[in-house]
Amino acid sequence: MPNSIIISTGSCIPSEVIPNTHFLSHEFYSPDGVRLEKPNPEIIEKLYNITGIRERRHVRSELITTDVAYEAAVQALEGIDRESLDYIIVAQNFGDVRTGNQRTDMVPTIASRVKHRLRIENPYTVAYDIPFGCPGWLQGMIMADYYIRSGDAKRALVVGAEILSRVSDPHDVDCMIFADGAGAAVLEASDETGGILSHITRTDTLDKAWMLRLGKSYHPERSGNDLYIKMDGHDIYKYALKTVPPMVKQALDKAGLMLGDVKKILMHQANAKMDNAILTRLFQLCGVETIPEGVMPMIIDWAGNSSVATIPTLLDLLLRKKLEGHRLASGDVAVFASVGAGMNINAMVYRMP
């Protein structure tokens, strides 16, 4: 049975830097349509203290999700024969949403559009999308691993791309966490030691399906049928803190490894306070007293929450040695984990070849 090895990565980090001061002139409302009395500087400061976000990246007005997905794909495919791809899997949740038009456009799929832009002629390069919330890119990697291990595929491109700035309500304080971007990786069948060692996924819908959802603007005078991202932040925090650490431990147990074997933890980044709490709970769960410095690299302070693009962007920066003080060498073990709409959680253990 072949191993699934990451042979290349790429990312598209938008050029538009949006600092927290951008939101000073916004009118914020509560879910019941009441204007928030607290001054904007206090609202922004509180959000910064919780999330750690001081700025985020937004795309230029003329760009769409397909554009950033394509750019990340091109970077990941440098030096690789595009016709050799068996799968192109694009994780995304809102399709192409254009400036000034709230309607989503995802027929054909973003993956088909990316394949078209790549000018791939091979009809057996299968292209499809995964709408799986923030864990979508990681789930795409998990699915690609199944294809490779089955022997049906030898090479797959997995992209995570999102433009959340177009689907966030400017009158909801949560709009300040959302960002845009794309990341990609090429996964290949190999006889090398290492690669993907284990993974695990869960979906909780009985009473948690709607904690992340689409809904109308909080502004009472906004008419029309436009829908925006809405979330129950405190409930998501509690859910993630309770369920993510055991998921990571399960993945490590499945791989036959201990937490002490892990060099880096690449976590989906929506909230720095939440991620740090998850990390602390994970180490407590595994009976490890000391958390190694730098075990969980973070980019949320300048990149914001770009949903499915967060982890592949983080991985690309790490492997290209663009994160100061963070490196992965041959034999090192990295754990990937994500939580998001669904509610979905997944975790994956990977050993550098």
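**A colleague's note on the predicted model**

1. A good place to begin is the open sheet, in which five strands follow the order β1-β7-β6-β4-β5 with mixed pairing. Its edges are β1 (3–12) and β5 (126–130), each of which pairs on one side only. From one strand to the next, the twist averages 20°. Please keep in mind as you look that this is a predicted model.

2. Next, follow β1 to its partner. Strand β7 (residues 180–190) runs antiparallel to β1, and nine bridges join the two. If you would like one pair to find on screen, take serine 11, whose bridge partner in β7 is glycine 183.

3. Two helices lie across strands of this sheet. Helix α2 (residues 65–76) lies across β1, β6 (155–163) and β7, and runs at about 125° to β1. Helix α4 (residues 136–150) lies across β1, β4 (87–91), β5, β6 and β7. The direction of α4 makes an angle of about 15° with β7.

4. Helix α5 (residues 233–255) deserves a visit of its own. How far apart should its ends be? At 1.5 Å a residue, its 23 residues should span 33 Å, and the end C-alpha atoms are 32 Å apart, which agrees. There is nevertheless a kink of about 30° in α5, centred on alanine 240. Just after the helix, glycine 256 takes a positive phi of about 75°.

5. Which residues of α5 are buried? Among them are Ile236, Tyr239, Ala240, Thr243, Val244, Met247, Val248, Ala251 and Leu252. It helps to recall that an α-helix has 3.6 residues a turn, so residues three or four places apart point the same way. Ala240, at the centre of the kink, is one of the buried residues. Leu241 and Pro245 are buried as well.

6. Now turn to strand β13 (residues 344–351). Seven of its eight residues are buried, so β13 is largely enclosed by the rest of the structure. Strand β8 (residues 195–203) pairs with β13 in the antiparallel sense over eight bridges. Here histidine 199 stands opposite methionine 348 of β13.

7. Strand β12 (residues 333–340) is also a partner of β13, antiparallel and with eight bridges. In this pairing, valine 335 stands opposite valine 349 of β13. The two strands form a hairpin, with three residues between them. In the turn you will find glycine 342, which has a positive phi of about 150°.

Notes
Residues are numbered from 1 along each chain as its sequence is written. This is a predicted model: local features need pLDDT of at least 70, side-chain atom pairs count only at pLDDT 80 or more; totals for chains, interfaces and linings use all residues. Side-chain values use heavy atoms; hydrogens and water are left out. Two strands pair if DSSP finds at least two bridges between them. Helices (H or I, at least four residues) and strands (E, at least two) are DSSP runs, numbered from the N terminus. Axes are lines fitted to C-alpha atoms, for helices over the stretch in contact, and angles run from 0 to 180 degrees between N-to-C directions. Contact means heavy atoms within 4.5 Å. The expected span of a helix is 1.5 Å times one less than its number of residues. The bend at a residue is the angle between axes fitted to the seven residues ending there and the seven starting there. Buried means under 20% relative accessible area, exposed over 50%, partly exposed in between (1.4 Å probe, protein chains only).
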